[in-house]
Amino acid sequence: MGEISTGVEYLSAGANRHTAVADWGQDGLVAFGADSNIALWRPHDSQPRGVTALLSGHKETVKTVKFISRSECEGDGSVVRCVQTLQEHTAAINCIVTLPERGRGRLASSIFATGAADASVRIWAFDGKEARVLQTIQLRPKFFPLAIALSGLDGDGDALVLAVAGTKDVIQIFVAETMSASPDFQLQATLTGHEGWIRSLDFAWETRDGDDGNSDLLLASASQDKYIRLWRLHQGKELPAAVANGADPSLGAYLPGKSPSNKAHRLNAAGKDFTLTFEALLLGHDDWIYSAKWYAGLDTGKLQLLSASADNTLAIWEADPASGIWVTSVRLGEISREKGATTATGSTGGFWTGLWSPDGASVTCLGRTGSWRVWDYSEEEDQWTPRTGISGHTRAVTSIAWAKNGSYLLSTSSDQTTRLHGSWKQNGTWHEMARPQIHGYDLNCIDSLGGSQFVSGADEKLMRVFDEPKAVAKLLARLCGISDSDRAIDAMPDAANMPVLGLSNKAIEAVDDDVEIGAPANPEMDREALDPGMMVRKSALEMDHPPFEDSLSRHTLWPEAEKLYGHGYEISCLAVSHAGDLVASACKASSVNHAVIRLFETRKWTEVKPPLAAHSLTATRLRFSPDDRHLLSVGRDRQWAVFERQRGGGGAGTGEGGDEGGSAHEALPGYQLLQANPKGHARMILDAAWVPSTDSSLAFATAGRDKAVKIWRREETGFTCTTTITETHPATAVDFLPRPDKDGRFILAVGTEAGRISLYFLDGTTLAVSSSLALSPEFCLPKPVLQLAWRPGTDTSELAVAGDDSSLRIYRLVSSKANES
């Protein structure tokens, strides 16, 4: 057997919604937490590939990520590996901060601090190989730290200052000396003024012209009270000039809440005196402020502050040169009148964090949908322009389905969205090209109905069928070269919109660019009122790049064509026949009556009765055979069942509509139970797949929680088990490559509950395992593999992987024989 190499074609994962979940390193690499993974992304790559790697190791959700300076780490950064795992805190860690190079002074090791939900802050030293705890600070009065900041206190590096804040409205200031190898932080001041939890803290040096050695340290604190406060640390016993002279421009002005306090806090460290005073109150956001980050100009030292808020805006603040008043110089994000009236769409829910690029020429922010938006500053145009960001599911990817011809990939998730992923023909990179469904229930299953329709099932009793709109069809044709839709583009609806109080996407007509869109007069009374923020203008998707997050969430919805009723509980699985004429579905069940499989024909969307009965508990997977003559079902009752299509098309459906003549019978293809095995596995069966055999023999594979994958072949006496593959963990997903390889073998991909993925090569005649290949650990998942799907309609071997870790992956597998040829 030739060697098989595995390459990453596409990685997609949404970021966790935490303020400290991401960091932008000095080498241009962004790292962010995505479920239990750490995702790596280079926003300024010449080829916008999106996520380049997913690093696993954590067992729970990643809440905070921070880079340590490269000088402390071995290697050139091309290979990322885990150096050490530290477990000192007794509860979730919410924030990490590292000491900048300027503040290290005499310290030989790099210092960083962590704050956790055990109401403690720990100080660590890292020498490049391992980290050790230097000090544990128990916060009194007790609160959970949500933000910490660390800096040198003076220009000589003789003292350090640590600011801690969180679930109280105060900021605690700790000071330590660097004379010894282990700094000992002591509480020296408590800052009051905020009226809500404090979400972000950040230090920056204010460099004065010609006086670099005597600059002050500024602290920015962002709070849920909608305000940012700036604090000044000044060396010496005398107060800063502005405070001493009473020249604060905000004094005497009407400010909400408590009046700003001008109390001067005195600090002492390393024999030096410092004063800490309130500097400014920044007003401008309409909702909670999640983050505030400083940037100091590389050449000028000019300070800018980037704030991200739940009001869907990023703001860049600068001090006015003449008056010293801090004002907003740039505001990015979403204009309030276009937010719409529903939180199901867009990023309503706010921006969770904002980051500066190392050169200050770009900013990025994380939205509620787990997506990243990027803006670049253009000096020629003197404005900030958006560029392609990245997006991904934020909860488990429950189901995936390729278009019947393999042109694009659909995915559904517990985050209540359906997403369409395609390859950008300009450079071959994959991106999210549309978001056809934004729902109010967790989505469980999906399948493609030809090139321009799909059907999905959620935690509700019905399935929904969606039609491709004209705007998305033109976008896919322009960006991905997909123009083989089943219907003419002119016959498609223009676009779709979601009613303010509904779950059904409505087909709408796109409006001209100059038409003014007004809000509904009374959306509470009018359930069909359309969300004005979701109205689509004719030029909305006329773009030459993958859609930005704004467009994805507002302009790429697919209109709903049909609802398929009949089940009594939440839909658990569905499948569409290869010919596209039937939809089979099942729901969650604990009795024989509800564990039936219902068939719907796609011409008039009527149910083919009676339903198919075999299972006594929830069916977990349905699969049509390659020629659609057989339907395979597996379930939690440990059994599998095979149904056979009746010749003449009537079959099970002949009991209905007898008065409508023979043509009606021909239109209703029926299935009858061929064979069921109530003891197919020792535990529940989770997945199944048909062998893509070209001869008359039938065979399929089943995967069970009993750590076994079984191959069943049809013999004279019925289906019998010919091969059993034993896994080390429960097998959760299986799928066959749609065609035999060059040696006539069938390739079976198996995913397990431990996230492992293996390939098994089955002999084309005996179906015995001739060889196997386990994918390298870097291609495996930290959580269960929920579904595997080989790409159809192509000569390449591309495997899509849906994970419980919220990741969607596409791997390309190439054999050495193919390379040699």
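Here a colleague asks a modeller about some features of this predicted model.

Colleague: What makes E206 and R232 a salt bridge?

Modeller: Look at the gap between their side chains: 2.6 Å, N to O. The rule asks for a Lys or Arg nitrogen within 4 Å of an Asp or Glu carboxyl oxygen, so this pair counts. E206 sits in strand β14 and R232 in strand β16, so the contact ties together parts that are 26 residues apart in sequence.

Colleague: And how many salt bridges turn up in the whole structure?

Modeller: The search finds 34.

Colleague: Why is the group E379, E380, E381 and D382 called a negative surface patch?

Modeller: Asp and Glu count as negative, so the charge part follows from the residue types. To join a patch, a residue needs over 30% relative accessible area and no salt bridge, and like charges have to link up within 9 Å; these residues form a patch, so they pass.

Colleague: Where in the chain is E381?

Modeller: E381 is in the loop between β25 (372-378) and β26 (383-390).

Colleague: How do you know that β47 and β48 pair up?

Modeller: Pairing takes at least two DSSP bridges, and there are eight between these strands, so they qualify. They run antiparallel, and K710 stands opposite T724 in β48.

Colleague: What sheet do they belong to, and in what order do its strands come?

Modeller: An open one of four strands, ordered β45-β46-β47-β48 with antiparallel pairing. β45 (685-690) and β48 (718-726) each have a single partner strand, so they are edges, with one side left without a neighbour in the sheet. On average, neighbouring strands here are turned by 25° against each other, ignoring direction.

Colleague: What about the sheet with β10 in it: which strands make it up?

Modeller: That open sheet goes β10-β11-β12-β13, four strands with antiparallel pairing. Its edges are β10 and β13 (186-191), because each has a single partner strand and so has one side without a neighbour in the sheet. The average turn between neighbouring strands is 20°, again with direction ignored.

Colleague: What makes β12 and β13 partners?

Modeller: Five bridges join them, and at least two are needed, so they pair. One example of who faces whom: the bridge partner of I173 is A189 in β13.

Colleague: Now the backbone. What is omega for the peptide bond from R140 to P141?

Modeller: Omega is near -5°, and the bond is cis. P141 is in the loop between β9 (131-138) and β10 (145-152).

Colleague: Where is P610, and what is the peptide bond leading to it from K609?

Modeller: P610 is in strand β40 (residues 607-612). The bond from K609 is cis, with omega near -5°.

Colleague: And what is the phi of Q416?

Modeller: Positive, about 75°, although Q416 is not a glycine. You'll find Q416 in the loop between β28 (409-413) and β29 (417-423).

Terms used. Residues are numbered from 1 along each chain as its sequence is written. This is a predicted model: local features need pLDDT of at least 70, side-chain atom pairs count only at pLDDT 80 or more; totals for chains, interfaces and linings use all residues. Side-chain values use heavy atoms; hydrogens and water are left out. Patches are made of residues with over 30% relative accessible area and no salt bridge: like charges are joined within 9 Å, nonpolar side chains (Val, Leu, Ile, Met, Phe, Trp, Tyr) within 5 Å. Accessible areas come from the Shrake-Rupley method with a 1.4 Å probe; for residues, only the protein chains shown count as cover. The place of a charge is taken as NZ of Lys, CZ of Arg, CG of Asp or CD of Glu. Axes are lines fitted to C-alpha atoms, for helices over the stretch in contact, and angles run from 0 to 180 degrees between N-to-C directions.
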